[in-house]
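Please load the model in your viewer and keep a selection tool at hand, since the stops below are meant to be followed one after another.

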Amino acid sequence: MSDIKRAGLPLVEAKKALIMIHGRGATADSILSLVSSLDLTDYAILAPQANSNSWYPFGFMAPVESNKVALENSLSILKETWNEIEAAGIKAENTVLLGFSQGACLTLEFSARSAQKFGGVVAFTGGLIGKQIKPENYSGDFQGTPIFIGSSDRDFHVPAKRIKESADLLRKMGADVTIELFDDPDHTIREEEINWVNQRIFI
């Protein structure tokens, strides 16, 4: 059984849900600290905790075999979280996935492996996982799902080129993708990014 932290409404009372996925070295509690900045009054919020605070051991663009076992385990934790929301009767179109850094990469990977009409996907500094992007790993149709990817234009961990390549594939899968690249070197979540998702996803 996965360790899942919770906030917001109980699942049985909520009509919408948010899965929040923390970054490497962080915790579910740390990503939940964003809740006060987001417009989530009618959401059930679930934040799974990674084993040893990391979703996979190496960088997200490392050869796939080096991360494979941990990545598959982490995706199964997300699936377990997803299944709990689904069992409560909350539809995919009312469920948003959000992650930061390593959690943003995992968010994009999870959503693209089973694309459907989500309430939204938010990747604060992330891209699809693997040494190269392999379209055969992904399936489904996003059916216009809004996807936001925000990052520094020169982030040390997530190259802008990979963000753009990820966005191209997600668009081919039917997503409505917005990229915001900022002229700063910071590996962080900016106020402009928070404002964008509040105005266009958490509505």
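Begin by selecting β5, β6 and β7 (176–182) in this predicted model, for these strands are among the elements that cover the buried residues of helix α5. Within α5, which runs over residues 191–200, the buried positions to highlight are Glu193, Ile194, Trp196, Val197 and Asn198.

Keep Trp196 selected and add phenylalanine 148: the two ring centres lie 4.8 Å apart with the planes at 25°, so the pair is stacked, as an angle under 30 degrees requires. Phenylalanine 148 belongs to strand β6 and tryptophan 196 to helix α5, 48 residues apart, and the pair thus links distant parts of the chain. Both phenylalanine 148 and tryptophan 196 are buried.

Now add phenylalanine 124, which forms an edge-to-face pair with phenylalanine 148, at 6.3 Å centre to centre and 70° between the planes. Phenylalanine 124 sits in strand β5 and phenylalanine 148 in strand β6, 24 residues apart. For another group of rings, select Trp82, Phe110, Phe118 and Phe142, which form one aromatic cluster.

Which residues have the most contacts inside the largest nonpolar core? That core has 46 residues, and the ones to pick out are Trp55, Leu108, Phe142, Ile147, Ile149 and Leu170. Among the elements that each supply at least two residues of this core are α2 (64–87), α3 (102–113), β6 (146–152) and α4 (160–172). A second, separate core of 23 residues includes Met20, Val122, Phe124 and Ile201. Returning to leucine 170, and leaving aside its neighbours within four places in sequence, you will find it in contact with Leu108, Ala112, Phe142, Ile147, Ile149, Ala175 and Val177.

Next, display α2 alone: its 24 residues should span 34 Å at 1.5 Å a residue, and its end C-alpha atoms are 32 Å apart, which agrees. Look along the helix to alanine 70, where α2 bends by about 40°. The buried residues of α2 include Asn67, Leu71, Trp82 and Ile85, and what covers the buried residues of this helix includes β1 (4–8), β2, β3, β4 (95–100) and α3. Just after α2, glycine 89 takes a positive phi of about 90°.

Finally, move to leucine 9, in the loop between β1 and β2. Is leucine 9 buried or partly exposed? With a relative accessible area of 28%, leucine 9 is partly exposed. Its contacts, leaving aside neighbours within four places in sequence, are Ala14, Thr41, Asp42, Tyr43, Ala44 and Ile45, and its C-alpha atom is separated by 9.3 Å from that of leucine 40, 31 residues apart along the chain.

Terms used: Residues numbered from 1 in each chain as written. Predicted model: local features only at pLDDT ≥ 70, side-chain atom pairs only at ≥ 80, totals over all residues. Heavy atoms only, no water. Core = buried A, V, L, I, M, F, W, Y, C linked by side-chain atoms within 4.5 Å. Buried < 20%, exposed > 50% of the residue type's maximum accessible area, 1.4 Å probe, protein only. Helix = DSSP H or I, 4+ residues; strand = E, 2+ residues; numbered from the N terminus. Contact = heavy atoms within 4.5 Å. Expected span 1.5 Å × (residues − 1). Bend = angle between axes of the 7 residues up to and from the residue. Phe/Tyr/Trp six-rings, centres within 6.5 Å; stacked < 30°, edge-to-face > 60°.
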